[in-house]
There are 2 protein chains.
Amino acid sequence: MPTIKDVAKLAGVSTATVSRAMMNPEKVSEKTRLKVEAAVAECGFSPNVIARNLRRSESKTIVVIVPDISNMFFANIVRGIQRVALKNAYKVLLGDSIHTVEQAKAYMDLVRSKQADGIISLTAELPAEVRQGSELPMVMACEYFPGFPVPTVRIDNRGSASRAVDYLLDIGHRSIGCITGPMENPICIDRKAGYQDSLQKINIAVDEQAFEDGDFSFHSGYSAFRRLQQHFNMTALFCFNDMMALGAMKAAIELGIKVPQQLSIVGFDDLLFAEYTDPGLTTVRQPQEEIGITAANTLVKVLQGGKANQDTIIPTQLLVRGSCVSPSK
Amino acid sequence: MPTIKDVAKLAGVSTATVSRAMMNPEKVSEKTRLKVEAAVAECGFSPNVIARNLRRSESKTIVVIVPDISNMFFANIVRGIQRVALKNAYKVLLGDSIHTVEQAKAYMDLVRSKQADGIISLTAELPAEVRQGSELPMVMACEYFPGFPVPTVRIDNRGSASRAVDYLLDIGHRSIGCITGPMENPICIDRKAGYQDSLQKINIAVDEQAFEDGDFSFHSGYSAFRRLQQHFNMTALFCFNDMMALGAMKAAIELGIKVPQQLSIVGFDDLLFAEYTDPGLTTVRQPQEEIGITAANTLVKVLQGGKANQDTIIPTQLLVRGSCVSPSK
DNA sequence: GTGAAAGCGCTAACAC
DNA sequence: GTGTTAGCGCTTTCAC
C-alpha cells in the first residue's frame, strides 16, 4: 500500500503539500494540486485513516447501542442515524447490547479508547455509573432517565398513550385492558400514566386488574393476554407496542375471540407489519426514521462543540386501521 | 485522558513495560505487573486503540454490507456475525448500502483506508471492478456470483426451492404459481431452476405464465399476485421470500380467495412473522443466525491468514404450517 | 525482565 | 504557496 510519502516523491513535493492538496485544495496552487492528483491516481493511494485519526485525535465514528438488533423497531431508527452520519462523514458502529449492561458498557468504552467519538443509545439499560452524569458525548433516543443530563430525542409517551385510549373511549369502550412493558422503564410509567389520564378525564375508575406486564416481545403479548382475559372482562385492549399487540391478537383468535368484533386492539410503534395483519392494527405511529435523524443531528452538534437541545420531542400520530370498532357491535 | 506515559511514570517503569504488562502479562514479573495494574487503576488509563491499530496496522473491525437494514431477514444474520466478531475481539461496522453500488463501494473503501480489516457482504450489488477478483479479505453470505473467487456461505437455493415445490406437488397441487425475485440475481435463477426441476421430475410442463417477478418486498408480492391471478389459474403459490408471500396472501384475501382452502402458499426464509400470520406460513427456513456465524468464522479465518472453505452450504428445512392444504378441499 | 529508541502514516504549526 | 519538523500514543525490536 502506498503512503503519503510515495505520493510526495512521485509528485515531487513534500508530504505536507500532498496532505494539503487533499484536505484543503484551496491552500495549494492549481498546478501542484494537479500534480498531486495525478500522483495519487498513479499509485492508487488511499490515505490511512487510522493515522489521520490518531493525529487529529478523533475517529469520525459514532456508536449506536441497540438493546436488540433483531427488533424491527430499531431498524428504521438506525437507518435515519446512518443517513445523517454519512452526510457528516461519520461511520456508524452498531452495537447490539442484547439487553445487557455489560455489553452496553463495552460499547461505551469505545469512546474512552478513542475508537468512537460519541454514542447514541436506544436503550436505557446502561451501566449505573454512567447514569449519574455522563462525561461522554452521548444522546439518548426513545428511552430516557428522568434527571439524566444527556440530550434526548423521544416522543410524548404519556400524551400519545392517552390519545390512543381516548380513541377507544370515544368509540364507546369502557372496559379497556392494557398490556404494559417492564414497569421499571420510565417510558412505560409514562404510557401507563397516559392510560390513566384518559380514564380519569371522564371519571372512570382505573381498575388494577386491567393491567398485565409484558416485555415488548410477541410472546409476552401472547401470554399476557391469556392471563389478562382470565381476570378482566374487556371490549378493548391497549398494548404498549405492536409486537405485543400482535401476540395478543394471535392469542385472542386462538381463544375464539373475534378481532375486532369482540375485541378492539390498539398497538404502539407502527411497525411495518402493523399494516399487514388482518385486520390492520390501529396504532400510535412513532416516526422512527425521524427519531434517528434527529438523534444523529443532535449528537453531531454535540460533537462539534455546540449546545444541543436537552430534549427534543417528536410528534406521534394515531393511525386508525381495522382492529378497532365500537363495542355495540 | 492519561496515556501510557502517565502510567509508566506513575508505576516507575518504562512505557514498554506497561505495554507488555497489558498485552503479554507473562513477559513481565509478577511484581511489576501489579505495580502497573495499580497505576492503570489509579489514573483510569484506557489504551488509545487508534494508536495501537496504527502501530500494528490492523483495525480489528469488520464491515458488514447489508442491502437494506430494515429488511428483517438480515437482522439475525448480523446478530450471528456480531457474536463471532465479539468473541474474536472484532468490532462490527454495519453498512447499509441501500441497494446501491456506490454505497457498497464506500464501505469497501474502509478496508483500503485501514479502517476495517475485512468485509462480509450480504448483497451481490457490488462494484463491478471488485467482482473480477477481489484482493480484499471478503466473504459473501447468502448471495454469490458464479465464478467470483471469494468464500461464500449460502444455502442450496435450487434444492431448497425444489423441496418446497415437491411438497406442494406431493399434497396434490398441479398448478403452482411462482412469484420470483429479480431474475438477474443468481440465487433467483437457482430457485427458479429448483421449481422447474420439481415439475419436470414428474413430467409436468413448465408454463411461463406461472411466473411473475417481484423484488422481495411486501408490496411487490402483493402486486405480483394480483397480476398473476389474472392470467394464471392456480391452486398453490410459491414465493421466493416470506415478505412477498405475505403480500400475496394479503392480495388473495382482498380478492376473496381463501387461504389455504382455495390457495396454498409457501414462502422462503422463515422470518419471525411467518409463524404469526393466520394461517401460519409454510416456508423454507434459512438458519439466519447460523449463516452469520459461519460467515464471520470464515472471515476470521481469512484474516488470520488461513485458507477458508471456498463455499459453505448451510442446510435448510421446510417448515410446514397452516398455509397449505390439498387442493381437493 | 526491563529500558531506550525507532517508527506506524498522517497533520499542523512554524518557517521561509 | 510550500517545505521542515515535531509529534499523535502505542508496540516492538534490540540491547542490556
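## Contacts with DNA strand D

In this predicted model, 58% of the atoms of DNA strand D that lie within 4 Å of the protein belong to sugar or phosphate, and the rest belong to bases. Around this strand there are 24 residues, of which A:T17, A:R20, B:I4, B:R52 and B:R55 come nearest. Sorted by class, the surface near DNA strand D is made up of ten nonpolar, seven polar and seven charged residues.

The backbone of DNA strand D is approached by side chains of chain B: an N or O atom in the side chain of B:R52 lies 2.6 Å from a phosphate oxygen, and one in the side chain of B:S19 lies 2.9 Å from a phosphate oxygen. A base of the strand is reached from chain A, where an N or O atom in the side chain of A:R55 is 3.2 Å from a base nitrogen. The elements that give two or more residues to this surface are α2 (15-23) and α4 (49-56) of chain A, together with α2 (15-23) and α4 (49-56) of chain B.

## Contacts with DNA strand C

For DNA strand C, 63% of the atoms within 4 Å of the protein come from sugar or phosphate, with bases supplying the rest. The residues around DNA strand C number 24, and those that come nearest are A:I4, A:R52, A:R55, B:T17 and B:R20. By class, the surface near DNA strand C holds ten nonpolar, seven polar and seven charged residues.

Phosphate oxygens of DNA strand C lie 2.5 Å from a polar side-chain atom of B:T17 and 2.8 Å from an N or O atom in the side chain of A:S19, while a base nitrogen is 3.2 Å from an N or O atom in the side chain of B:R55. Two or more residues each are given to the surface near DNA strand C by α2 and α4 of chain A and by α2 and α4 of chain B.

## The annotated segment of chain A

An unreviewed UniProt entry lists residues 2-56 of chain A as "domain: HTH lacI-type". Over these residues the chain is 71% helix and 0% strand, with the end C-alpha atoms 21 Å apart.

## Elsewhere in chain B

Strand β8 (residues 236-239) of chain B runs parallel to β9(B) and is joined to it by three bridges, with B:S264 in β9(B) serving as the bridge partner of B:A236. Strand β9 (residues 264-269) of chain B is mostly covered, since six of its six residues are buried.

B:E208 is placed in the loop between α9 (186-201) and β7 (211-213) of chain B. Leaving aside residues up to four places away in sequence, B:E208 touches B:K192 and B:Q196. B:E208 and B:S220 are twelve residues apart in sequence, and their C-alpha atoms are 19 Å apart in space.

Note on methods
Residues are numbered from 1 along each chain as its sequence is written. Chains are lettered from A and ligands numbered from 1 in the order in which they are written. This is a predicted model: local features need pLDDT of at least 70, side-chain atom pairs count only at pLDDT 80 or more; totals for chains, interfaces and linings use all residues. Side-chain values use heavy atoms; hydrogens and water are left out. A residue is near a molecule or strand if one of its heavy atoms lies within 4 Å of it. A polar contact is a pair of N or O atoms within 3.5 Å; within protein, one must be able to donate a hydrogen and the other to accept it, and residues adjacent in sequence count only if both atoms are side-chain atoms. Helices (H or I, at least four residues) and strands (E, at least two) are DSSP runs, numbered from the N terminus. Ala, Val, Leu, Ile, Met, Phe, Trp, Tyr, Cys and Pro count as nonpolar, Asp, Glu, Lys and Arg as charged, and the others, Gly among them, as polar. UniProt positions are given in the numbering used here, feature names are shortened, and annotations may be inferred rather than shown by experiment. Contact means heavy atoms within 4.5 Å. Buried means under 20% relative accessible area, exposed over 50%, partly exposed in between (1.4 Å probe, protein chains only). Two strands pair if DSSP finds at least two bridges between them.
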